[in-house]
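User: I am new to reading protein models and would like to learn how to describe one step by step. Could you take me through it?

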Amino acid sequence: MSKRIDVKDLNVYYGNFLAVEGVNINIEAKSVTAFIGPSGCGKSTFLRTLNRMHEVLPGARVEGEVLLDGDNLYGPGVDPVTVRTQVGMVFQRPNPFPTMSIRDNVLAGVKLNNKKISKGAADALVERSLRGANLWNEVKDRLEKPGSGLSGGQQQRLCIARAIAVEPQVILMDEPCSALDPISTLAIEDLINELKDQYTVVIVTHNMQQAARVSDKTAFFNIAGTGKPGKLIEFGDTHTIFSNPSVKATEDYVSGRFG
Amino acid sequence: MTTNSLTTSQGAGRAGDKVFSGAALAAGCLILAVLFGVALFLVVQALPALVAQPEQIQGGQGFFAYIWPIVIGTLIAAIIALVIATPISIGVALFISHFAPRQLASGLGYVIDLLAAIPSVVYGAWGAAFLAKEISPAYGWLANNLGWIPIFQGPASATGKTILTAGIVLSVMVLPIITSLSREIFLQTPKLHEEAALALGATRWEMIKMAVLPFARPGIISAVMLGLGRALGETMAVALVLSSGVLTASLIQSGNQTIAAEIALNFPEAGGLKVNTLIAAGLVLFVITLAVNMIARWIITRHKEFSGAN
């Protein structure tokens, strides 16, 4: 239950503005890949092209190919809705649906597309997903309470539970810990380590220690200057990127000399 | 003897604060005073009609017998207006906020706002001179084919000046209120929640059901209640469109009357106790509107826990 992603010559635009240029990257199944780089370098923008969330913004579009186990996400006749059921996403700020209970939040994606699910199967899925997100023991007695009543870290794990409940192939995480305290961050990082047994995980992070802790491979993005497109500078094993990068800019960034 | 150096403060800033808080307090008190004054006036002026002998009131059966048919008439007209206007308004507002291309959306928004700028007497004239005439064949059809339902019982009014026509005119009048308020609320839906729904594989409509409508629910209720307030209190349009009469269940016969139109049509020639009776009718309308607003507030607060405000 996980697929690999191969990106070929991807250009990402907002209207006429080229935001990210010429990305080629191969992301292995059942691995954790971290995107690092300074603010505005296009790593989040690029991440959002991997489940066609980029085009939600008016005027946003891409050129090139993103292959999910060989199937082009941007091929003709591909429904973005189908893509997003295969490639789930966790956002920077926890965003459980405020009008739904914890249980309904977990089931939100499953009930889409008029899918029916029996109560027993739903209960089992809620428990399995919440256990998968390391949240079950904390919320099992208050599943009918609103999700917005949880702490920030719990809300983010609820969002992860919601994402894995639909059994995607890939989970994208856009700075999932940037709004969380260190203890909640640690809980999410532990969770990412467990998730990679079943899913392909791609995470954008500003925190280089986090990238070093959780990822197998790291991609470094950079931008030449304001108004210039962001580019993938270097991609390789996390250990190599942090200890022996082949590009000077990567070395400067990971050693804290800029950014 | 030491003085606390923190007790000295910047004079100018403090003065500005005082002026502002004084002005805000005065404005708040003024509202309460005006509201209290109106309520007091209504009660004092209505009292003679409320305590009068039954035979002195118009109709000769007492105030209650006089008022309840027009209360029902008012509610029928307002409910017709809301039943028609609410789904259309929400649909138009959703179209503007989430479906229409940007240029079309802003143009449509202006047109809707323009609808709100038309004076009610114009709506009344349009309803009486045009809509009533055009719609009366439809009433004939309803009477012939659905006449077994009490609300469509024949014979249909030949002029079309019925409570249903009045309700339709009212629905056009409340449409811009509900539409523009709903549109504002829909546009305020957090992007975060919309994207959460989309990222789970929701279609556009599912995203709206999942993120937009639950978020907008209290706002929609407020918008509908504001529309209801206008429909309940609307005078001119109803007075022009409706050929009034006694309370009837059928919506396509002439008959029924609303409180506001009753007051407007009778007040100029009224004298003595009749004036008190009409003011008492106004008091009843005031109480109905107040009750509607309180119920709306109650509905909104009932779901506070899930509103996302916490």
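User: In what order do the elements of chain B run from the N terminus on?

Analyst: One lists the helices and strands in turn; in this predicted model, the elements of chain B run α-α-α-α-α-α-α-α-α-α, and the count is 10 helices and zero strands.

User: Why is chain B described as more spread out than a compact globule?

Analyst: The idea is to set the radius of gyration against the value from the globule rule: for the 310 residues of chain B the rule gives 19 Å, whereas the radius of gyration is 25 Å, well over that value, so chain B is more spread out than a compact globule. Its C-alpha trace spans about 90 × 60 × 35 Å along the principal axes, and buried residues make up 38% of the chain.

User: Turning to chain A, how many strands form the open sheet, and in what order?

Analyst: A sheet is read from neighbour to neighbour, and here 10 strands of chain A follow the order S5-S4-S1-S2-S10-S9-S3-S8-S7-S6, with mixed pairing. Strands S5 (71-72) and S6 (87-90) of chain A each have a single partner strand, so one side of each is left without a neighbour in the sheet.

User: In what sense do S4 and S5 of chain A pair, and which helix packs on the sheet, touching S6?

Analyst: Strand S4(A), residues 60-68, pairs with S5(A) in the antiparallel sense over two bridges, and Leu67(A) stands opposite Asn72(A) of S5(A). Helix H6(A), residues 152-165, packs on the sheet and touches S6(A) and strand S7(A), residues 170-174; the direction of H6(A) makes about 175 degrees with that of S6(A).

Note on methods:
Residues are numbered from 1 along each chain as its sequence is written. Chains are lettered from A and ligands numbered from 1 in the order in which they are written. This is a predicted model: local features need pLDDT of at least 70, side-chain atom pairs count only at pLDDT 80 or more; totals for chains, interfaces and linings use all residues. Two strands pair if DSSP finds at least two bridges between them. Helices (H or I, at least four residues) and strands (E, at least two) are DSSP runs, numbered from the N terminus. Two residues are in contact if their C-beta atoms, placed from the backbone, lie within 7 Å. Axes are lines fitted to C-alpha atoms, for helices over the stretch in contact, and angles run from 0 to 180 degrees between N-to-C directions. The radius of gyration is taken over C-alpha atoms; the globule rule is 2.2 Å times the number of residues to the power 0.38. A residue is buried if 20 or more other C-beta atoms lie within 10 Å of its own, exposed if 12 or fewer, and partly exposed in between; C-beta atoms are placed from the backbone.
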